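Reader: I have a model open and I'm not sure how to read it. Could you walk me through it slowly?

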Amino acid sequence: MKNSVVLSLLALACVAICSSNGVAQRPWYRGNVREIIRDLETDTDRFKSSLDHALDHSRLNGSRVEDEINDYVKRFEEATDRLRDRAEDRQAAPGLTREVLNRGRSINSFMRTHRLGGEAESDWAKIRNDLNRLANAYYLNWRW
């Protein structure tokens with residue numbers, strides 16, 4: 001009787017260990033994160049140029065607000081660069097991903113408040129799509 005209890009406990013322990021290993025081995029990300037980040041960097045470069053052009057032809061030209069949004073975009077690019085470096089080293093980086101997403105949220109708020117039209121808004125829509133793909137790849141719940 002004592003042996004069967006010990007064997008039962010060992011069997012339960014084995015099942016618990018095997019089950020937890022299956023969950024623990026789920027990757028931090030899915031899909032090709034490096035490709036998403038490459039797209040994000042390309043789209044960000046295009047957006048930066050179209051934003052600059054749109055700002056130069058708006059009432060915000062030369063204002064403190066223009067300086068602030070340019071700084072936000074610069075910090076967004078820096079965070080994206082750090083994320084790219086981690087991804088190139090094949091390291092999961094959910095914390096850096098959250099930083100990129102949060103910085104993107106700030107820029108998105110600016111874009112909703114200041115309708116710049118044309119290419120800047122179109123280019124920002126591409127970045128929003130990239131950020132949604134990135135959040136999905138890292139299994140992050142994300143709302144704008």
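**Walking through the model**

Author: Let us begin with one residue, Glu77, whose place is in helix H3; helices here are DSSP runs of H or I with at least four residues, strands are runs of E with at least two, and both are numbered from the N terminus. Residues are numbered from 1 along each chain as its sequence is written, and side-chain values use heavy atoms, with hydrogens and water left out. Please keep in mind that this is a predicted model, in which local features need pLDDT of at least 70 and side-chain atom pairs count only at pLDDT 80 or more, while totals for chains, interfaces and linings use all residues.

Reader: Okay, so is Glu77 buried or exposed?

Author: Glu77 counts as buried, because its relative accessibility is 15%, and buried means under 20% relative accessible area, exposed over 50% and partly exposed in between, with a 1.4 Å probe and protein chains only.

Reader: And which residues does Glu77 touch?

Author: Leaving aside residues up to four places away in sequence, Glu77 touches Thr44, Asp45 and Lys48, where contact means heavy atoms within 4.5 Å.

Reader: What about Glu119, buried or exposed?

Author: Glu119, which lies in helix H5, is exposed, because its relative accessible area is 60%. Between the C-alpha atoms of Glu119 and Ser50 there are 5.9 Å in space, although the two are 69 residues apart in sequence.

Reader: Let me zoom out. How many helices and strands are there?

Author: The protein chain has five helices and zero strands, so to speak of its order from the N terminus on is to read α-α-α-α-α. Of its 144 residues, buried ones make up 33%.

Reader: How do H3 and H4 sit against each other?

Author: Their axes, which are lines fitted to C-alpha atoms over the stretch in contact, with angles running from 0 to 180 degrees between N-to-C directions, come within 9 Å and cross at roughly 155 degrees. That makes H3 roughly antiparallel to H4, since angles over 145 degrees count as roughly antiparallel, under 35 as roughly parallel, 65 to 115 as roughly perpendicular and the rest as oblique. By class, the contact of H3 with H4 has 11 nonpolar, four polar and five charged residues; here Ala, Val, Leu, Ile, Met, Phe, Trp, Tyr, Cys and Pro count as nonpolar, Asp, Glu, Lys and Arg as charged, and the others, Gly among them, as polar.

Reader: And where do H4 and H5 come in?

Author: The axes of H4 (residues 94–113) and H5 (residues 118–137) come within 11 Å and cross at roughly 150 degrees, which means that H4 is roughly antiparallel to H5. The residues of this contact divide into nine nonpolar, three polar and two charged.

Reader: Which residues touch the most others in the largest nonpolar core?

Author: Among its 33 residues, Leu51, Met111 and Leu134 touch the most other members; a nonpolar core is a set of buried Ala, Val, Leu, Ile, Met, Phe, Trp, Tyr and Cys residues joined through side-chain atoms within 4.5 Å. The elements giving two or more residues to this core are helix H2 (33–56), helix H3 (64–88), H4 and H5, and H2 gives the most, with eight residues.

Reader: What does Leu134 touch, then?

Author: Not counting residues up to four places away in sequence, Leu134 touches Val33, Ile36, Ile37, Leu40, Leu83, Thr97 and Val100.
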